[in-house]
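Me: I have a structure open and would like to go through it with you piece by piece. Could you help me read it?

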Amino acid sequence: STYAVVRNNLYVSSTGNDASGYGTVNKPYATIQKAYDSAHTTANINVMSNITQVNTAVMNLGKTITLKSPSSTNSIIRDTTLITNVLFNINSGTVNLSNIIIDGNNVQAEQGLIFLAGAYLTMDSSTTLRNSISTKINGGVIQTGGRSTFVINGGLITNNRASSSGAIHNSPDCEVIINGGTITNNAAVSGSGGDGNGGAISNYGSLKIYGGTITQNTATGRGGAIFTSTYEGSVSTVNISAGTISNNSAGNGGAISLLTSTVNISGTALIDKNTATYNGGGIISENGTVNMSGGIISNNKANATSGNGGGIAYYNSSGIISGGEIKGNSAWHGFGLMIQQASTITMNGGVISGNTGVNGCVALYNSPATFILNGGTIKNNTGTEANGGVIPWNGGGTTTYTYKSGTVTGNKPTNSY
């Protein structure tokens, strides 16, 4: 077209034309790429119909773009020939997704839907990211890099799969913020170089959860909902102050698995009804830190005949429990807390109650595992064979249980050894 006017409200349609179109309602473009290249530094790109994306849209000009449907929700769909790259490569500026569906079309591709590098991405309550299968690159939906931020204000992320990071792969120095929405039915399945960790999310940077629901995700390895770890000296943290993580499953860490990372649970966070095939029905920490000042960890299950840590399993880890509730969880040993190896856990407050298993609601095993009770309540937990309260085993070396303050009561058959 010779009509080359930069606009801030552009239109794209399956019946449009990049050569003769103007990007208007009556003469729309055919591709997101043409609309992006033609847009002002701040602009809306309106998707007027379902469109099939044959090539990657590269957004690298530092613009602020809102990608949306103008009325009914339309879809941007991966073409069956687009199998080696993402649908969107966003490496500068800001992109806001609003009232739009980005659909991987269940095509087995080498990468997910979006690569975000050095940019800012948001999605709202009427946006869906779905049906993406990544066969080589981590992150069924999105992989971040280069100090990026991805903000989930609402919407749905569902039915995505990768060999690691079923939906979201958050790289070092990057940030994912979840304020709302639902992340469900995603899977990390080991293979093609992936380890099957992080059914919904793998985090190597900063993950902040202020709301939303992460549910019914699966991982064949670690972390049915979230796997968090460090990479080459990076710092990784997960802060959960609200929202629900429920009904997820994994080999270890039904809800969350962490390696050399830190998880802080506070406020009204709920970690509920997650299942581990082996250890850590709710959370498993290996060489990491899990602190709890509020929230609830409830009704999670580790293996009933060999699994440790129905609520939280600590291995060579640390933690301070100063509030919240750990209740209704189950496991073989340590059905509330399992404290193993060089782990030191201090309880200053909170309640651990109504957990069930074979031996020890709070169980210590392998030297120099340490539990310091400085406050809070451990009550009404039940072991079918031995102590339902606190049990330090010395078969694997000396363990240490130090009572300073707090209440241990109503546990069956005994409160503590």
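Me: Let's begin with the open sheet of three strands: in what order do they come, and is the pairing parallel or antiparallel?
Reply: In this predicted model, the order is β39-β42-β45, and the pairing is parallel. The edges of that sheet are β39, covering 330–333, and β45, covering 382–383, each of which pairs on one side only.

Me: How many bridges join β39 to β42?
Reply: Three bridges join β39 to β42, the latter made of residues 356–359, and the two strands run parallel. As a point to find on screen, Ala-331 stands opposite Gly-357 in β42.

Me: And what holds paired strands like that to each other in general?
Reply: Strands of a sheet pair through backbone hydrogen bonds, in either a parallel or an antiparallel sense.

Me: Moving to β32, which of its side chains are buried?
Reply: Strand β32 spans residues 262–265, and its side chains alternate: Val-263 and Ile-265 point to one face and are buried, whereas Thr-262 and Asn-264 point to the other face and are not buried. That fits the general pattern, in which the side chains of a regular strand alternate between the two faces of the sheet.

Me: Which strands does β32 pair with?
Reply: One partner is β28, residues 237–240, which pairs with β32 in the parallel sense over four bridges, and there Ile-240 has Ile-265 as its bridge partner. Another is β36, residues 289–298, which runs parallel to β32 and is joined to it by four bridges, with Val-263 standing opposite Val-290. So the two buried side chains of β32, Val-263 and Ile-265, belong to residues that also appear in these bridge pairs.

Me: Different topic, since I worry about cysteines: how many disulfides are there in the whole structure?
Reply: A search of the whole structure finds zero disulfides.

Me: Is Cys-174 buried or exposed, and what about Cys-361?
Reply: Cys-174 counts as buried because its relative accessibility is 2%, and Cys-361 is buried as well, with a relative accessible area of 0%. The cut-off behind both calls is that buried means under 20% relative accessible area.

Me: How many cavities of 30 Å³ or more turn up?
Reply: The search of the whole structure finds two of them, and the largest has a volume of about 40 Å³.

Me: What lines the largest one?
Reply: The lining includes Val-86, Gln-111, Leu-113, Ile-114, Phe-115, Asn-138, Ile-142 and Gln-143, and the elements that give two or more residues to it are β11 (114–117) and β15 (142–145). By class, the lining has seven nonpolar, five polar and no charged residues.

Me: And what is the lining of the second largest cavity made of?
Reply: That cavity holds about 30 Å³ of space, and it is lined by Leu-67, Phe-88, Ile-90, Val-95, Leu-97, Ile-102, Ile-114 and Leu-121. Its lining divides into eight nonpolar, no polar and no charged residues, and β7 (88–90) and β8 (94–98) each supply at least two of them. Ile-114 is listed in the lining of the largest cavity and in that of the second largest.

Me: Now charges: how many salt bridges are counted?
Reply: The count comes to six salt bridges. One of them is between the side chains of Asp-103 and Arg-130, at 2.9 Å from N to O, and this pair links distant parts of the chain, with Asp-103 in strand β9 (residues 100–103) and Arg-130 in strand β13 (residues 128–130), 27 residues apart.

Me: Are those two side chains buried or exposed?
Reply: Asp-103 counts as buried because its relative accessibility is 8%, while Arg-130, at a relative accessible area of 26%, is partly exposed.

Me: Which other pairs could I look at?
Reply: Glu-175 and Lys-208 meet through their side chains in a salt bridge of 3.0 Å, N to O, which links Glu-175 in strand β20 (residues 175–178) with Lys-208 in strand β24 (residues 206–209), 33 residues apart. Lys-208 counts as partly exposed, at 24% relative accessibility. Glu-325 also forms a salt bridge with Lys-327, their closest N and O atoms being 3.6 Å apart; Glu-325 is partly exposed with a relative accessible area of 29%, and Lys-327 counts as partly exposed at 30% relative accessibility.

Conventions:
Residues numbered from 1 in each chain as written. Predicted model: local features only at pLDDT ≥ 70, side-chain atom pairs only at ≥ 80, totals over all residues. Heavy atoms only, no water. Pairing = 2+ DSSP bridges. Disulfide = S-S within 2.5 Å. Buried < 20%, exposed > 50% of the residue type's maximum accessible area, 1.4 Å probe, protein only. 1 Å grid on protein atoms, 1.4 Å probe; cavity = no way out; pocket = protein on both sides within 12 Å on 5 of 7 lines; lining within 4 Å. Points joined across faces, edges and corners; volume = space filled by probe spheres on them. Nonpolar A, V, L, I, M, F, W, Y, C, P; charged D, E, K, R; others polar. Salt bridge = Lys/Arg side-chain N within 4 Å of Asp/Glu carboxyl O.
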